[in-house]
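Work through the exercises below with the structure in view. Try each task before you read its solution.

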Amino acid sequence: MDPLILSRIQFAANISFHILFPTITIALGWVLLFFKLRYNATSDAAWMRAYFTWVKVFALSFAIGVVSGVTMSFQFGTNWPGYMEKVGNIAGPLLAYEVLTAFFLEAVFLGIMLFGFRRVSNKVHTAATFLVAFGTTMSAFWILALNSWMQTPAGFEIRDGVAYATDWWAIVFNPSFPYRLIHMLLASGLTVSFFIAGLSALRYLAGDRSDSMMKALRTGVYTAAILIPIQIFAGDQHGLNTLEHQPQKVAAMEANWNTGPNVPLVLFAIPDEAAKENKYEITIPNGASLILRHSADGVVPGLNDYVGNHPPVLPVFWGFRIMVGTGLAMLAVSWAASWYLLRRRALPRPLAYLMVPMTLSGWLATLAGWYTTEIGRQPWLVTGILRTEDALGAVPGSHVAFTLAIYLALYAVLIVVYLGTLVHLALKAAKDGDESPLPGVLNRPLSQPVHGTE
Amino acid sequence: MSSLDWPVILPLIFAGLMGLSILIYVVLDGFDLGIGILFATADDHEKDTMIAAIGPFWDANETWLVLAVGLLLVAFPMAHGTILTALYIPVFILLFGLILRGVAFDFRAKVPVHRKARWNRIFFAGSLIASLAQGYMLGVYVLGLDTGLAAFTFGALVAACLAASYAAMGAAWLIYKTEGELQEKAVRWLRSALVFTALGMVAVSLATPFASPRIFERWFVLPDMIYLAPLPILSAVLFIWLWWQTFHLPKEGDRHAILPFLTLAAIFTLGFVGLAYSFYPYVVPDKLTIWQAASATESLAIILAGTLVVLPVIIGYSFYAYRVFGGKASDLTYD
């Protein structure tokens with residue numbers, strides 16, 4: 001068995017599984033802070049109830065994020081030692097700053113955020129919630145700085161075959177970093193919006209009309225409706241940035257085989273790399289030229305300029321289309337749901353049924369987007385500096401195959417249990433509604449929050 | 001060679017920082033892994049209390065492992081690759097165990113009640129697997145990342161002993177965090193686990209010098225032998241004192257309930273200092289020194305600048321969190 005392809009699949013499996021959970025915690029931290037601040041401002045217990053419902057999801061997602069993140073920190077050494085040998089001087093400090101400034105912050109204050117409501121003052125609890133949200137976002141900052149540097153390296157020099165940092169500002173704020181960071185933070189926001197909207201819709205279908213559920217539902221739906229057009233714009237800008245710095249990736253995303261003007265937008269095709277052509281093509285004339293160059297005769301780079309140096313076309317082409325397609329579905333669903341919630345103050349059942357599977361739309365779009373950009377970087381691990389095959393360690397293929405098989409089985413089980421638990425928690429909350437006693441105020445009759453009038 | 005030479009000093013500082021985070025990790029995650037191992041002999045109600053005793057801490061405890069491996073990765077990239085490819089399978093088993101226990105910790109409280117027992121078992125299994133894997137890795141590392149049958153056997157012995165010492169840590173933590181019947185049970189657990197802990201430390205202490213002539217010469221020459229003598233003697237005294245204590249715990253009014261835990265932490269520290277002395281200056285035993293394996297000086301400098309600012313803050317807020325959740329563990333609720 002070829003250890004290169006096995007190690008690649010294993011890394012892809014580990015990081016794909018891992019990214020699902022930070023994608024939730026990054027934005028969910030801020031949503032929890034929003035719930036908490038609304039509670040502080042209104043003293044409406046329904047906000048706190050929404051907080052307690054979703055802090056459980058946060059805890060669960062965070063725990064899986066931590067343990068799968070630990071796996072990531074070992075993967076570099078076990079499978080890709082060449083990576084740190086070549087670019088360790090740059091990747092090292094970025095990873096170190098992630099652990100130091102973000103990981104500890106979130107892990108320590110998580111304890112207070114989860115279990116400390118009755119042990120610390122309300123202000124400290126709010127501050128802990130803020131610090132956890134801030135920590136998850138800082139974590140994204142450093143990791144995306146490193147990932148972007150691998151896509152568009154800057155601020156370094158090569159001496160004796162090893163990369164040395166020359167300008168840390170240029171390394172962190174490398175050309176693709178701002179675009180990728182914003183795109184990912186918005187993706188996290190959308191993933192969480194649809195998680196909250198979808199699981200709230202499930203409760204809605206189960207007959208729950210409790211105040212706390214409706215508050216969460218509206219928060220999810222409105223946030224999604226606001227973020228999705230911003231995300232489409234940010235994604236477009238990110239694409240133009242990629243066109244400038246990694247044209248071969250754009251050529252693969254568009255399955256454009258020949259550089260030239262008047263390039264059509266391919267809506268559907270099966271790219272055939274051997275024949276260098278698209279099968280079963282459906283196109284919009286001049287579409288790609290218009291989108292990428294804003295003129296019908298704009299010149300779009302083609303794969304013929306990058307023979308032997310461009311990524312595999314099929315996964316990049318389809319990864320991109322799945323991401324965009326999911327994004328458009330998100331736009332339609334969130335705007336429709338917003339319209340009904342604003343005008344009718346209710347959801348039609350078919351729409352609610354549609355929103356339940358859309359819970360996972362953010363995950364799908366995020367994974368598809370990451371596959372586009374990461375496979376789109378191949379054959380390079382660090383563009384122009386290190387080829388993926390040259391970073392591989394000396395571990396026998398059979399070992400990698402063995403561990404890969406167990407990882408895949410474990411991840412499959414964990415995803416099923418995770419989603420099953422979320423559904424269980426949602427249905428349990430739907431049954432309890434707002435009748436269950438609010439845990440935070442059980443023993444504090446004197447300071448029980450006054451119910452707001454709505 | 002000037003002693004204020006940054007390329008010389010920085011790797012040394014990072015070796016120290018890495019050692020420190022490994023030690024903190026072993027002590028902190030040691031007690032929560034140990035509590036997972038003790039799950040095997042606890043009843044359902046006790047399990048909930050035991051979880052409550054570590055609930056607010058375990059995420060942060062595990063972060064020290066990420067920091068330790070992170071420092072190995074960023075400060076000694078060559079060693080990171082060499083050690084982790086050599087320990088490929090044990091590392092995988094460690095991660096498998098950590099994933100299982102980490103998710104079980106949360107799932108056991110959130111799944112429907114009739115599935116809770118299953119996740120309790122997984123929590124136990126994951127904790128045990130992770131502890132065994134760490135012990136095995138330590139054993140194999142001590143023998144210079146050897147792969148023969150002797151190394152495997154020795155690794156297995158250290159694995160069992162490290163699991164036992166984690167169980168001892170867990171029991172000591174429970175003595176501090178619980179009361180009544182569970183506390184008395186924890187005292188008995190501590191007494192049994194101490195035997196294996198002592199056995200493990202003696203085994204590692206004897207094996208290390210005999211596995212490597214270089215290490216033998218570091219310990220068994222005069223006058224070094226005299227300077228080093230306090231390490232084993234002090235460890236032995238602390239062991240015996242703790243063993244004797246287990247017949248008198250808990251004290252009246254639960255005084256000094258944290259002492260057993262601190263004593264064990266001190267023993268771990270002494271053992272760790274001994275190991276560090278044996279291996280210095282190597283990061284991969286007898287193959288790579290910390291200077292050969294280190295990153296570029298400028299990269300280390302930029303990490304150090306951040307570390308010096310951030311590490312005290314981390315330690316500060318960690319203490320704060322431990323204080324917030326100080327005292328006896330009660331039922332853990334999200335409030």
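Two residues are in contact if their C-beta atoms, placed from the backbone, lie within 7 Å. Keep in mind that the model is predicted.

**Exercise 1.** Find how many residues each chain brings to the contact, and which element of chain A gives the most.

*Solution.* Start with the totals. Chain A brings 62 residues and chain B brings 55 residues. Next, list the elements of chain A that give two or more residues to this side: α2 (45-79), α3 (81-115), β2 (162-165) and α13 (397-432). Of these, α3(A) gives the most, with 22 residues. Last, sort the side of chain A by class: 40 residues are nonpolar, 18 polar and four charged.

**Exercise 2.** Work out how α3(A) and α3(B) are oriented to each other.

*Solution.* Locate the partner: α3 of chain B covers residues 58-75. Take the distance: the two axes are 9 Å apart. Take the angle: the helices pack at about 170°. Angles over 145 degrees count as roughly antiparallel. Therefore α3(A) and α3(B) are roughly antiparallel to each other. The contact of α3(A) with α3(B) has 15 nonpolar, five polar and one charged residues.

**Exercise 3.** Check the radius of gyration of chain A against that of a compact globule.

*Solution.* First, the parts: chain A has 13 helices and six strands. Its C-alpha atoms fill a box of roughly 70 × 50 × 40 Å along the principal axes. For 454 residues, a compact globule would have a radius of gyration near 22 Å. Chain A has 24 Å, which agrees. Now look inside: buried residues make up 54% of the 454 residues in chain A.

Conventions
Residues are numbered from 1 along each chain as its sequence is written. Chains are lettered from A and ligands numbered from 1 in the order in which they are written. This is a predicted model: local features need pLDDT of at least 70, side-chain atom pairs count only at pLDDT 80 or more; totals for chains, interfaces and linings use all residues. Helices (H or I, at least four residues) and strands (E, at least two) are DSSP runs, numbered from the N terminus. Ala, Val, Leu, Ile, Met, Phe, Trp, Tyr, Cys and Pro count as nonpolar, Asp, Glu, Lys and Arg as charged, and the others, Gly among them, as polar. The radius of gyration is taken over C-alpha atoms; the globule rule is 2.2 Å times the number of residues to the power 0.38. A residue is buried if 20 or more other C-beta atoms lie within 10 Å of its own, exposed if 12 or fewer, and partly exposed in between; C-beta atoms are placed from the backbone. Axes are lines fitted to C-alpha atoms, for helices over the stretch in contact, and angles run from 0 to 180 degrees between N-to-C directions. Angles under 35 degrees count as roughly parallel, over 145 as roughly antiparallel, 65 to 115 as roughly perpendicular and the rest as oblique.
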